[in-house]
Amino acid sequence: VEVEKGLAKFGAAARILDAHLKGRAYVAGDRLSLADFSIGSALILTRPAQLPLEPYAEIRRWGAMLMDLPAWRDTLAMQQQPVAS
């Protein structure tokens, strides 16, 4: 029951963000801003939490743009756990 509630809340927020991003490169205008990093940071949880991004093309496009930023890639790389040998 709680998982369904969480998915419903995610879906409601994702629909709003997806619609907001339509026709926009970034969350708050024509330039990358703190808003993109603030909201976009949650995207790193989509895979582990198995959140469905498939219906949200604008979020996926925007998220891919964030993932393409060298600083974003470097930060994610620092968060990776070392592989046990």
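1. A good place to start is helix α3, which supplies the largest share of the lining of the largest pocket, four residues. Please keep in mind as you read that this is a predicted model. The largest pocket itself has a volume of about 430 Å³. Its lining is made up of 14 residues, and those closest to the centre are Leu 43, Ile 44, Thr 46, Arg 47 and Met 67. Two elements give two or more residues to this lining: α3, which spans 57–67, and α4, which spans 70–79.

2. What classes of residue make up the lining of the largest pocket? Eight are nonpolar, four are polar and two are charged.

3. Next comes the second largest pocket, with a volume of about 250 Å³. Here 13 residues form the lining, and Phe 10, Leu 17, Ile 39, Ala 42 and Leu 43 are the closest to the centre. The elements that give two or more residues to it are α1, covering 2–21, and α3. Helix α1 provides the largest share, four residues. By class, this second lining has twelve nonpolar residues, one polar residue and no charged ones. If you are looking at the model on screen, Leu 43 is a handy residue to find: it is listed among those closest to the centre of the largest pocket, and also among those closest to the centre of the second largest pocket.

4. Now to the charged side chains. How many salt bridges does the model have? The count comes to three, and the next points take them one by one.

5. In helix α1, Lys 5 pairs with Glu 2 in a salt bridge, with 3.4 Å between the closest N and O atoms. These two residues sit three residues apart in that helix, about one turn. Lys 5 counts as partly exposed because its relative accessibility is 45%, while Glu 2, at 57%, counts as exposed.

6. Helix α3 holds another pair: Arg 61 and Glu 58 form a salt bridge with an N to O distance of 3.0 Å. Again the partners are three residues apart within one helix, about one turn. Is each partner buried or exposed? Arg 61 has a relative accessibility of 34%, so it counts as partly exposed. Glu 58 has 17%, and therefore counts as buried.

7. The remaining salt bridge joins the side chains of Asp 68 and Arg 73, at 3.5 Å from N to O. Asp 68 is exposed, because its relative accessibility is 54%. Arg 73 reaches 42%, so it is classed as partly exposed.

8. One more acidic residue deserves a look: Asp 36, which belongs to helix α2, residues 34–40. Asp 36 is buried but takes part in no salt bridge. Which side chain of opposite charge is nearest to Asp 36? That is Arg 61, 8.3 Å away, and a salt bridge needs the nitrogen to be within 4 Å of the carboxyl oxygen, so this pair does not count. Arg 61 is the residue that bridges to Glu 58 in point 6.

9. Asp 36 does have a polar neighbour, though. A polar atom of the Asp 36 side chain lies 2.9 Å from the backbone nitrogen of Ser 33. When you view this part of the model, it is worth showing Ser 33 together with Asp 36.

Notes. Residues numbered from 1 in each chain as written. Predicted model: local features only at pLDDT ≥ 70, side-chain atom pairs only at ≥ 80, totals over all residues. Heavy atoms only, no water. 1 Å grid on protein atoms, 1.4 Å probe; cavity = no way out; pocket = protein on both sides within 12 Å on 5 of 7 lines; lining within 4 Å. Points joined across faces, edges and corners; volume = space filled by probe spheres on them. Nonpolar A, V, L, I, M, F, W, Y, C, P; charged D, E, K, R; others polar. Buried < 20%, exposed > 50% of the residue type's maximum accessible area, 1.4 Å probe, protein only. Lys, Arg positive; Asp, Glu negative; His and termini not counted. Polar contact = N/O pair within 3.5 Å; in protein donor to acceptor, adjacent residues only side chain to side chain.
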